[in-house]
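Student: Could we go through this structure together, starting with the ligand and then moving to the protein interior?

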Amino acid sequence: MEPITLAVLAGTKRVQRRSINAARYVADFARRQEGVEVIFVDPNDFDFPGDGNDPEGKDPRYTEIVRKADAFFIITPEYNHSFPGSLKRMLDSELQLYNHKPVAFAGVSDGNWGGVRAVEALLTAIRETGLVSMSWDVYFPWVQNIFNEDGSMKAEHVERYERNLGKLMKELFWFARMLKAARAELERAAQNQQ
Ligand SMILES: Cc1cc2nc3c(=O)[nH]c(=O)nc-3n(C[C@H](O)[C@H](O)[C@H](O)COP(=O)(O)O)c2cc1C
């Protein structure tokens with residue numbers, strides 16, 4: 001099986017963030033899948049001066065991750081019916097390197113909605129990047145009730161999330177392998193024309 005690289009993006013820098021548990025769970029789950037290398041991206045670990053995607057506005061380490069990634073999984077909490085500014089800032093710092101790569105989403109909230117409006121809001125921006133979004137998502141409503149103090153998932157939730165994430169990742173990795181092969185083909189065709 002063609003190995004692929006998955007970048008798992010945590011969506012917020014909020015000091016008391018709970019969605020980081022969901023993001024780490026998604027990353028750990030992905031690490032258990034065959035032929036997948038996982039890079040965990042915490043926006044706290046990167047520096048994006050100013051706004052936009054000028055050379056000065058990039059973090060070279062994030063650039064390299066986006067270049068290397070064959071697929072993305074974004075875990076976004078919902079802030080005022082949208083997604084956090086730090087996630088937008090991070091996504092904005094690159095453009096071409098996202099093109100023709102698949103992305104899946106998980107929404108997170110401390111109430112009933114599970115971050116669905118954050119994911120819907122994110123789709124508008126994602127479309128412009130050239131990332132290819134999956135047609136369903138995973139949600140973590142009432143996130144404060146899903147994880148233990150140590151960040152592990154409470155036993156009663158594991159079966160449901162393993163099932164839902166397993167299905168979504170299967171789809172995501174299928175797209176990742178297809179699009180990786182197609183990008184390589186495009187590159188070969190472009191080189192042959194030189
Ligand atoms: C600035 C801010 C705005 C928020 N707005 C919403 C909202 O519009 N809808 C919602 O369901 N939860 C909202 N929440 C609560 C989040 O669902 C909650 O913080 C949850 O734990 C997930 O995000 P976290 O990683 O910040 O903890 C908001 C939280 C913050 C900090």
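The questions below deal with the ligand site, the nonpolar cores and one helix.

Student: Which residues come nearest to the ligand?
Tutor: Happy to start there, keeping in mind that this is a predicted model. The shell around the ligand has four nonpolar, five polar and six charged residues. Of these 15 residues, the ones that come nearest are Arg-14, Arg-18, Ser-19, Tyr-79 and Asn-80.

Student: How far is a polar side-chain atom of Glu-78 from a nitrogen atom of the ligand?
Tutor: Let's take the oxygen partners before that one. An N or O atom in the side chain of Ser-19 sits 2.5 Å from a ligand oxygen atom, and a polar side-chain atom of Tyr-79 is also 2.5 Å from an oxygen atom of the ligand. For Glu-78 and the ligand nitrogen, the distance is 3.0 Å.

Student: How much of the ligand's accessible area does the protein cover?
Tutor: On its own, the ligand has 590 Å² of accessible area. The part covered by the protein is 77%.

Student: Which element gives the most residues to the largest nonpolar core?
Tutor: That core has 34 residues, and Leu-6, Phe-73, Ile-75 and Phe-140 have the most contacts inside it. At least two residues each come from S1, H1, S2, S3, S4, S6 and H5. With eight residues, the top contributor is H1.

Student: Which residues of helix H3 are buried?
Tutor: Good one to finish on! The buried residues of H3 pack against strands S1, S2 and S3 and helices H2 and H4. Within residues 85-92, they are Ser-86, Leu-87, Arg-89, Met-90 and Leu-91.

Definitions and conventions
Residues are numbered from 1 along each chain as its sequence is written. This is a predicted model: local features need pLDDT of at least 70, side-chain atom pairs count only at pLDDT 80 or more; totals for chains, interfaces and linings use all residues. Side-chain values use heavy atoms; hydrogens and water are left out. Buried means under 20% relative accessible area, exposed over 50%, partly exposed in between (1.4 Å probe, protein chains only). Helices (H or I, at least four residues) and strands (E, at least two) are DSSP runs, numbered from the N terminus. Contact means heavy atoms within 4.5 Å. A residue is near a molecule or strand if one of its heavy atoms lies within 4 Å of it. A polar contact is a pair of N or O atoms within 3.5 Å; within protein, one must be able to donate a hydrogen and the other to accept it, and residues adjacent in sequence count only if both atoms are side-chain atoms. Accessible areas come from the Shrake-Rupley method with a 1.4 Å probe; for residues, only the protein chains shown count as cover. Ala, Val, Leu, Ile, Met, Phe, Trp, Tyr, Cys and Pro count as nonpolar, Asp, Glu, Lys and Arg as charged, and the others, Gly among them, as polar. A nonpolar core is a set of buried Ala, Val, Leu, Ile, Met, Phe, Trp, Tyr and Cys residues joined through side-chain atoms within 4.5 Å.
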